[in-house]
Amino acid sequence: MEVIKMKATNKIDPTDKTLVRIRAITAFIFLSYGDFQTISSSGTSLSEDDDEYMNGTAYTKIHEAKETLDAVDKALKAAGYEVQTLRIATNPFGEYMTTPPSMSSSSSSSSKTEVLKLQLSELNSILAKLNIDFFAIGPAKTLEEIDICPTIVASSHRISCSAAMSSGNDILTAKKAAECMKIISQLGATVQGDHVKDGLGNFRFCATASCHPYTPFFPA
């Protein structure tokens, strides 16, 4: 192992801004099911060129967060710091995706998947419009929610999620998360997109433990 020794005279200049590279500035927002325009209006998915989603509350909340990030980014860069990424994280996606109040627990899994895809399509359109490349939709809190994480990861290179394990010996969640990781690693064979090619989808999913709210760790 190579050991690098610094002379006592080689002192670090505390005013050198290049020594501190800011990896990420993260904004946190709270979303609810009613924020999505596609579900409350036409019920059809939107393309990135469709402006209908701009009428929804989800767009407003994300836009406000992006404006805040841009202001902080500008101030830090003006002060001489390098800022590498701007990111947004939300409350757990199970609180605003997949199960609308009007959809009973007995609804088929295919119906829930279609609703999820509509929401993800709108979300991806918003992120594309606002030029946001890092958006974490929070952790899966149940085994059922972990099952849909591959669909989330496959939907966009901009969106990531995670699986939250309970404290202690949470074998069931750990096993389910491992199965999910295996599926995600193989998405490149069935889903188009460089973000899932050669197992890269696993950069947008992880299992976490003791990761408390407002922790700016992606993709938790």
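The following exercises, each with a worked solution, concern a predicted model of one protein chain.

**Exercise 1. The chain as a whole**

Determine how many helices and strands the chain has, and in which order they run.

*Solution.*
Step 1. The count gives six helices and five strands.
Step 2. Read from the N terminus, the order of these elements is β-α-α-β-α-β-α-α-β-α-β.
Step 3. The chain has 220 residues, and 40% of them are buried.
Step 4. The exposed area of the chain is about 12,700 Å², of which carbon and sulfur atoms supply 53%.
Step 5. Contacts between residues at least 6 apart in sequence may also be examined: 73% of these join residues at least 24 apart.

**Exercise 2. The largest nonpolar core**

State how many residues the largest nonpolar core has, and which elements give two or more residues to it.

*Solution.*
Step 1. The largest nonpolar core has 42 residues.
Step 2. Within this core, Ile62, Phe93 and Ile137 are the residues with the most contacts.
Step 3. Two or more residues come from each of these strands: strand 1, strand 2 (82–90), strand 3 (135–140) and strand 4 (159–165).
Step 4. The helices that do likewise are helix 2 (57–78), helix 3 (109–129), helix 5 (149–155) and helix 6 (171–185).
Step 5. For Ile62, neighbours within four places in sequence are set aside; its contacts are then Ile29, Ile88, Leu123, Ile126, Leu127, Leu130, Ile132 and Phe135.

**Exercise 3. Strand 3 and its partners**

Establish whether strand 3 is largely enclosed or open, and identify the residues that stand opposite Ala136.

*Solution.*
Step 1. Strand 3 has six residues, and six of the six are buried; therefore the strand is largely enclosed by the rest of the structure.
Step 2. Strand 2 runs parallel to strand 3, and two bridges join them.
Step 3. In this pairing, Ala136 of strand 3 stands opposite Ala89.
Step 4. Strand 3 also pairs with strand 4, again in the parallel sense, over four bridges.
Step 5. Here the bridge partner of Ala136 is Ser160, in strand 4.
Step 6. Ala136 is thus placed opposite Ala89 and has Ser160 as its bridge partner in strand 4.

**Exercise 4. Three salt bridges**

The structure holds six salt bridges. For the pairs Asp70 and Lys66, Arg158 and Asp133, and Asp147 and Lys176, describe the distance and the place in the chain.

*Solution.*
Step 1. In the salt bridge of Asp70 with Lys66, the closest N and O atoms are 3.0 Å apart. Both residues belong to helix 2, where they are four residues apart, or about one turn of the helix.
Step 2. The cut-off for a buried residue is a relative accessible area under 20%. Lys66, at 12%, is therefore buried, whereas Asp70 counts as partly exposed at 31%.
Step 3. In the salt bridge of Arg158 with Asp133, the closest N and O atoms are 4.0 Å apart. This pair links distant parts of the chain, 25 residues apart: Arg158 is in the loop between helix 5 and strand 4, and Asp133 is in the loop between helix 3 and strand 3.
Step 4. Arg158 is buried, with a relative accessible area of 13%, while Asp133 is partly exposed at 37%.
Step 5. The side chains of Asp147 and Lys176 meet at 3.2 Å, N to O. Because Asp147 lies in helix 4 (residues 143–147) and Lys176 in helix 6, the pair ties together parts that are 29 residues apart in sequence.
Step 6. Asp147 is partly exposed, its relative accessible area being 47%.

**Exercise 5. Glu95 and its surroundings**

Locate Glu95 in the chain and name the residues in contact with it, leaving aside its neighbours within four places in sequence.

*Solution.*
Step 1. Glu95 is found in the loop between strand 2 and helix 3.
Step 2. With a relative accessibility of 46%, Glu95 counts as partly exposed.
Step 3. Once the neighbours within four places in sequence are left aside, Glu95 is in contact with Phe30 and Tyr33.
Step 4. Glu95 and Ala140 are 45 residues apart along the chain, and their C-alpha atoms are separated by 9.7 Å.

**Exercise 6. A nonpolar surface patch**

Which residues make the nonpolar surface patch of about 300 Å²?

*Solution.*
Step 1. The patch is made by Ile12, Leu19 and Val20.
Step 2. Leu19 is placed in the segment before strand 1 (21–29).
Step 3. A residue counts as exposed over 50% relative accessible area; Leu19, at 51%, is therefore exposed.

Conventions:
Residues numbered from 1 in each chain as written. Predicted model: local features only at pLDDT ≥ 70, side-chain atom pairs only at ≥ 80, totals over all residues. Heavy atoms only, no water. Patch = residues over 30% accessible without salt bridge, like charges linked within 9 Å, V, L, I, M, F, W, Y side chains within 5 Å. Areas by Shrake-Rupley, 256 points an atom, 1.4 Å probe, with all protein chains shown as cover. Buried < 20%, exposed > 50% of the residue type's maximum accessible area, 1.4 Å probe, protein only. Core = buried A, V, L, I, M, F, W, Y, C linked by side-chain atoms within 4.5 Å. Contact = heavy atoms within 4.5 Å. Pairing = 2+ DSSP bridges.
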